[in-house]
Amino acid sequence: MCEESRAERMAEERAQGSGSLALAGDLNAKLLSGGKRDLDKESTLNVFKNAAADRQFDLEAAIKNVEKMSNELKKLNDPARWFYVYQRDKIEDELEMTTVCHRPEGLEQLEAQTNFTKRELQVLYRGFKNECPSGVVNEETFKQIYAQFFPHGDASMYAHYLFNAFDTAQNGSVKFEDFVMALSILLRGTVHEKLRWTFNLYDINKDGYINKEEMVDIVKAIYDMMGKYTYPVLKEDAPRQHVEVFFQKMDKNKDGVVTLDEFIESCQEDDNIMRSLQLFENVM
């Protein structure tokens, strides 16, 4: 097929609105219609970025088309071939960074809903996007991020419970709004707000109560997260012993479960817990 015909075929595919293939067409048309010598990384990425901004293509399909284009270029005795051979991985990385699956609500709205200033929200959003370029985080990624803070222990189970508490919609993903709303409560919420959020964390099955096994599961996850380097060394049954003592204090009416009111009342009676709620108030 001659170069002119190839360019015409790509133009037809763009006209049909075929998403990522149309995007590849933009690049191929430039490559195969006399623009090979002018193609550079910046201009190529601009095509990707423009399409990404308009959400006109699927990321995975676009990557496959870059591969296809690279294979086609191997047949050409042209410098453009080497560009794709050596820069393909970098294009994929930067393409992923420009593809946003979710854009958060306006900062003004989040400022009204949280205890953060607009400037603080901007800083938080930049950090969130650095870790989660797509704008959302799934549980596996959340676990990987959280594990970095506890290199001597196994944080996977606690991160699982924490993720479920952040995932208020229970859809398997945490958006920036979910993250910042929880952080606002934990850092700057009232005592009741912090304790209500913590109760929700311990209420694993979300039935409105905390039973002894749920509390054991959470406490054991915390012990696992801290690792084997705690001092003094903890016994194997330490989590359950800890829960036995504390559950007896919380279960005021001895019905085998702890209600939200019982949880809040018991925590407010414990000086250590009340002090721990103040630890991160001046983090930001």
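Helices and strands are here DSSP runs, numbered from the N terminus, with at least four residues for a helix and at least two for a strand. The exercises below concern a predicted model.

**Exercise 1. Locate K254 and K206, and describe the phi angle of each.**

Solution.
Step 1. K254 sits in the loop that runs between helix 13 (238-250) and strand 4 (257-258).
Step 2. Its phi is near 55°, a positive value in a residue other than glycine.
Step 3. With a relative accessible area of 52%, K254 is exposed, because exposed means over 50%.
Step 4. K206 belongs to the loop between helix 11 (191-202) and strand 3 (210-211).
Step 5. K206 is not a glycine either, and its phi is positive, at about 55°.
Step 6. The relative accessibility of K206 is 35%, so this residue counts as partly exposed.
Step 7. For background, most residues other than glycine have a negative phi.

**Exercise 2. Which side chain of opposite charge is nearest to E214, and how far away is it?**

Solution.
Step 1. E214 is part of helix 12 (residues 212-226).
Step 2. The nearest side chain of opposite charge is that of K206, 7.9 Å away.
Step 3. A salt bridge needs a side-chain nitrogen of Lys or Arg within 4 Å of a carboxyl oxygen of Asp or Glu. E214 is buried and has no salt bridge.
Step 4. Setting aside neighbours within four places in sequence, the contacts of E214 are Y202, D203, I204, N205 and Y209.

**Exercise 3. Is E213 buried or partly exposed, and what separates its C-alpha atom from that of R240?**

Solution.
Step 1. E213 is placed in helix 12.
Step 2. Its relative accessibility is 41%, so E213 counts as partly exposed.
Step 3. E213 and R240 are 27 residues apart along the chain, and 8.9 Å separates their C-alpha atoms.

**Exercise 4. Classify the ring pair of F128 and F179 and state which helices hold the two residues.**

Solution.
Step 1. A search of the whole structure returns 13 aromatic pairs.
Step 2. For F128 and F179, the ring centres are 5.5 Å apart and the planes lie at 35°, so the pair is tilted.
Step 3. F128 is in helix 7 (residues 118-131) and F179 is in helix 10 (residues 176-188), so the pair ties together parts 51 residues apart in sequence.
Step 4. F128 is buried, at 7% relative accessibility, whereas F179 is partly exposed, with a relative accessible area of 22%.
Step 5. Both residues belong to a cluster linked by ring pairs. Other members include Y125, F142, Y146, F150 and W197.

**Exercise 5. How many disulfides are there, and how accessible are C132 and C267?**

Solution.
Step 1. A disulfide requires a pair of cysteine sulfur atoms within 2.5 Å. The count by this rule is 0 disulfides.
Step 2. C132 has a relative accessibility of 6% and counts as buried.
Step 3. C267 is buried as well, with a relative accessible area of 2%.

**Exercise 6. Summarise the whole protein by its elements, burial, contacts and surface.**

Solution.
Step 1. The protein has 15 helices and 4 strands.
Step 2. Of its 284 residues, 38% are buried.
Step 3. Among contacts between residues at least 6 apart in sequence, 61% join residues at least 24 apart.
Step 4. The exposed area is about 16,500 Å², and carbon and sulfur atoms supply 51% of it.

How values were computed. Residues are numbered from 1 along each chain as its sequence is written. This is a predicted model: local features need pLDDT of at least 70, side-chain atom pairs count only at pLDDT 80 or more; totals for chains, interfaces and linings use all residues. Side-chain values use heavy atoms; hydrogens and water are left out. Buried means under 20% relative accessible area, exposed over 50%, partly exposed in between (1.4 Å probe, protein chains only). Lys and Arg count as positive and Asp and Glu as negative; His and the chain ends are not counted. Contact means heavy atoms within 4.5 Å. Accessible areas come from the Shrake-Rupley method with a 1.4 Å probe; for residues, only the protein chains shown count as cover. Rings of Phe, Tyr and Trp (its six-membered ring) pair if their centres lie within 6.5 Å; planes under 30 degrees apart count as stacked, over 60 as edge-to-face and the rest as tilted.
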